[in-house]
Structures are given as structure tokens and as C-alpha cells.
Amino acid sequence: MFERILIANRGEIAVRIIRACRELGIRTVAVHSTADEKALHVQMADEAICIGPPPARDSYLKIANIISAAEVADVEAIHPGYGFLAENAHFAEVCRSCNIAFIGPTAENIRAMGDKVVARQTMKKAGVPVTPGSEGVVATKEEALEVARRIGFPVLVKAAAGGGGKGMRIARNDVSLVQSFMTASSEAERAFGSAAVYIEKYVENARHIEVQIIADHHGNVAHLGERDCSIQRRHQKLIEEAPSPGLPAEVRRRIHRTAVDAARAVDYRNAGTIEFLYDVESHEYYFMEMNTRIQVEHPVTEEITGVDLVKEQIRVAAGEKLSFNPHEVRFRGHAIEFRVNAEDPYRGFSPSPGVVEFVHFPGGRSVRVDSHVYSGCEISPYYDSMIAKIIATGRNRAEALAVLARALHEFTLEGVATTAPLGQAVLADARFARGEYTTTYLENFMQETFLINRP
Ligand code: MV4
């Protein structure tokens with residue numbers, strides 16, 4: 001096992017990784033920008049190294065600075081967390097060439113799944129269902145129209161180098177398709193440096209269901225069940241839960257099997273998530289993309305399986321076998337996570353950086369809080385606005401929802417606006433309580449209920 005690990009991240013995920021390391025008896029090295037000198041991850045780690053000024057491109061994204069810190073601190077491994085360099089194949093390669101273990105998949109895994117067109121083709125070849133769509137990149141508007149005629153409207157234009165819905169456009173007719181094709185390409189060019197786009201049939205009334213995978217270097221691939229991440233706004237998730245409500249048992253078994261097959265098809269290593277779109281009318285599911293990192297919402301999976309995903313990631317990267325038998329994973333009860341962002345949901349989710357004058361996190365039975373925020377800390381405008389994840393568990397969904405509602409009621413934060421009121425409103429909604437929601441639920445709920453009933 002490693003003796004010393006560097007955490008190339010900040011915020012709650014850096015704290016989460018440091019906690020796992022301490023339980024494993026591994027010494028931790030934090031890195032931080034000058035804006036994060038007083039950050040919790042810096043205080044919690046055994047050592048901390050400043051790697052640059054506040055903008056992420058000059059600090060948390062600066063590979064040379066992070067590798068220098070790793071060399072100076074003499075670590076054996078780097079955990080990238082999520083975001084920043086987590087899905088940067090070049091960074092994984094640099095780590096390998098410096099003899100530092102990258103706690104994540106191989107550079108080849110990251111590269112293969114990073115190009116969404118290649119990922120789609122790879123999965124299709126492996127027998128994984130994908131949405132009807134273009135064979136590969138669509139180069140011209142004429143070709144886009146041809147694909148749409150073949151598969152039928154509505155269609156989605158997606159960026160090949162994208163992911164997470166960035167640079168995605170819906171088109172319902174020829175005119176809007178030409179428009180979408182142009183805007184999606186130029187957006188993709190600006191955001192990812194590649195204008196390449198592809199086309200998929202737009203599946204309406206779908207749920208975003210993702211399956212957690214972890215694979216070691218000894219041929220073991222385990223799935224840890226699915227999460228439902230359909231409650232999102234502009235591709236920012238608000239609530240995630242496990243298991244997915246209302247998924248027929250037979251579909252659930254198949255989607256888990258498919259995810260394991262998909263991971264095996266690409267010789268996947270370490271933790272990863274396969275995203276599917278589940279059509280609630282036809283009960284068909286389709287591969288969307290694979291995320292080659294630990295995800296924000298991993299705690300709901302941990303809560304229903306008892307597996308510590310970050311510890312497993314570290315064990316796998318150190319060459320150990322999974323600590324459990326993939327065939328003996330038991331799923332127990334229900335877990336639901338609410339993301340608290342320092343954003344004002346009444347003002348278009350505008351970021352609300354500033355000083356947290358006071359914070360009190362909920363506690364008690366069945367509540368877990370993953371956060372880096374403390375009374376008096378500063379929420380920096382430079383980074384992600386997520387300030388806490390509140391995770392509730394129960395023997396069933398109704399219990400977990402009641403615990404989460406109680407936890408959000410207890411949660412107190414003064415100084416900056418947060419998304420907590422929106423969470424309370426969703427939990428009070430009868431349709432959400434019935435588990436009858438799809439990917440369009442949150443935007444509709446905002447317009448039809450939340451914003452017109454504002455206090
Ligand atoms: C889709 C889709 C419907 N049909 N693809 C969003 C995140 C990224 N991984 C892909 N996403 C979607 N892809 C097809 N062919 C629906 C989503 C989607 C979504 C779309 C509109 C509004 C909210 C959404 C939430 C989750 C997923």
C-alpha cells in the first residue's frame with residue numbers, strides 16, 4: 001500500500017479523499033492556490049504545498065506545478081478527485097512517466113471514453129445499446145439533415161469532445177437543425193477546441209441512470225448498482241438517489257450486466273460510471289457516455305452498498321484486488337443526496353461567493369454531510385459553487401426522503417445564498433415523492449411551482 005498520496009484537488013472531494021487516506025494510514029499532501037490558504041483540505045492534510053495563484057488554469061490545472069509538488073513531497077500516488085485534471089489523459093501519462101501512480105483509470109481508458117463518438121462506436125461494437133444516430137462525426141449541415149431524415153426528429157446535436165451536456169442542442173425540424181448544427185459546432189470549437197459534432201435521436205421522457213463500476217488489475221469488475229441523476233438543471237445535478245425509483249427489476253439486472261460488459265470491453269480499470277438514458281415508455285436503455293473518474297454523487301452508492309469507493313480506488317491503484325467479491329455485493333435500503341450550491345435559485349442560480357458567517361450542518365441518524373465549509377470560511381468566486389452534499393438514508397425511499405427533508409430543515413447557513421430552499425421545495429412536491437420524474441422535471445418544476453411560490 002502507498003505511504004503518501006498527493007490530492008490534486010480542493011473542496012469537499014479533497015476532504016473526502018484525505019478522510020479515506022487517514023483511515024488507511026496513508027499520509028496526505030494537499031495542494032492549494034493562494035485563494036485556498038485557509039481551506040479545510042489544507043488544514044486536514046499532513047502537508048500542504050502552494051501551487052499558484054487563484055485561477056485554476058494557473059494552479060489546480062497546472063500539471064508542471066502539481067508534478068513538482070509531488071516530487072518535492074515524494075509521494076507515490078496522486079488522486080485527481082473530479083473535475084480539474086481527473087479526465088486528462090495527458091496528465092495520467094505524465095504521472096506514469098514520473099513513476100507516480102495515477103489513482104484512476106489508464107490514460108488509454110480516459111482517451112477512449114473522452115471522445116464521445118469513439119466511445120459510442122466502441123460500445124456499439126461491444127453489443128451495448130446506443131441511441132439511433134450518426135455513425136460518426138457529422139461534418140456538414142447536409143449530412144446532419146440526412147441523418148435526421150433517417151432517424152426522425154427530434155434529434156440532439158452533441159459535441160464529440162463534450163460530455164455532461166455541454167454544447168448540446170435539440171432540433172425538432174430541418175430549420176432548427178441547421179441552426180443547431182452551426183451553434184453546436186462553434187460552441188464546441190470555443191469550449192473544447194474541436195468543432196466536431198455528432199447526432200443522436202432525442203429520447204423524450206427519459207431518466208438519466210448511471211451504473212457505478214470498479215475494476216482492479218486482476219480481472220475483477222464489479223458494478224455497485226445504479227444511481228438516478230434525472231433531477232438536473234442545465235446539466236447541473238441537484239439531487240441523486242440510489243436505487244433508481246420505479247426501475248423494473250428485470251431492466252435493473254440487465255443495465256447492471258450491460259455496464260459490466262461495457263467496462264470489460266474497454267479493459268477498464270479503477271472507478272468509472274456508465275451513463276444510460278432510460279426511456280420510461282419503451283423501457284429501453286441506451287449508453288450515453290462513460291465518466292472515467294470518481295463522481296460527485298458516489299456517496300449514495302456507498303451508503304446502499306457499504307463499499308468505500310475512494311478506498312477501493314486507492315487499493316486498486318496500489319495493485320491490490322478489490323476488497324470484496326463482486327458477486328457478494330448486497331444492496332440495502334435507499335440513499336438520496338442533495339447538492340448545496342452557493343447560488344441563488346431565485347436569481348437564475350447566480351453564484352453567491354462571500355464569507356460564510358455561520359454554518360450548522362444537520363446530523364443525527366442516517367445523515368451524512370460531505371463538505372469543506374466551516375463558519376467564517378470564504379466561498380471563492382474562482383471555483384465550483386458546490387459547498388456541501390447532504391446524504392440521507394432509509395430502509396426505503398420514503399424514509400430516506402423524510403430524513404433528507406428533516407436534514408435540510410436543520411441545515412443553517414448565513415452569509416451567502418444557497419440552493420437549499422429549492423431542495424426543500426422539491427422534497428415537498430408530490431410528483432417527486434411518487435418518484436415519477438424524468439430529465440425535464442426540474443426545469444418544469446422551477447417554472448410551474450418554485451418561482452411562482454417564492455416567499
Ligand atoms: C440525451 C438526452 C436525450 N436523448 N441524449 C445530458 C447529459 C449528457 N450526458 C447527455 N444528456 C442527455 N442526453 C439523447 N439522445 C437527454 C439528456 C439529458 C437531459 C436533456 C435535457 C434536459 C435535462 C437532461 C438531463 C439529463 C440528461
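This section describes the ligand site and helix H15 in a predicted model.

The ligand is surrounded by 18 residues. Among these, Lys-158, Glu-200, Lys-201, Val-203 and Glu-275 come nearest. By class, the shell comprises 6 nonpolar, 7 polar and 5 charged residues.

Nitrogen atoms of the ligand take part in several short polar contacts. In the side chain of Lys-158, an N or O atom is 3.0 Å from a ligand nitrogen. The backbone also contributes. A ligand nitrogen lies 2.6 Å from a backbone N or O atom of Lys-201. For Val-203, a polar backbone atom is 2.9 Å from a nitrogen of the ligand. On its own, the ligand has 530 Å² of accessible area, and the protein covers 95% of this. Four strands each give two or more residues to the shell: E6 (155-159), E8 (197-201), E12 (270-279) and E13 (285-291).

Helix H15 spans residues 441-450. Its buried residues are Tyr-441, Leu-442, Phe-445, Met-446 and Phe-450. These residues lie on the same side of H15, because they cover an arc of only 130° around the axis. The face turned away from this buried side carries Gln-447 and Glu-448, both exposed. Packing of the buried residues involves both strands and helices. The strand partners are E10 (221-233) and E11 (236-242). The helix partners are H13 (420-427) and H14 (430-433).

Methods:
Residues numbered from 1 in each chain as written. Predicted model: local features only at pLDDT ≥ 70, side-chain atom pairs only at ≥ 80, totals over all residues. Heavy atoms only, no water. Buried < 20%, exposed > 50% of the residue type's maximum accessible area, 1.4 Å probe, protein only. Arc of directions from axis to C-beta. Contact = heavy atoms within 4.5 Å. Near = heavy atom within 4 Å. Polar contact = N/O pair within 3.5 Å; in protein donor to acceptor, adjacent residues only side chain to side chain. Areas by Shrake-Rupley, 256 points an atom, 1.4 Å probe, with all protein chains shown as cover. Nonpolar A, V, L, I, M, F, W, Y, C, P; charged D, E, K, R; others polar.
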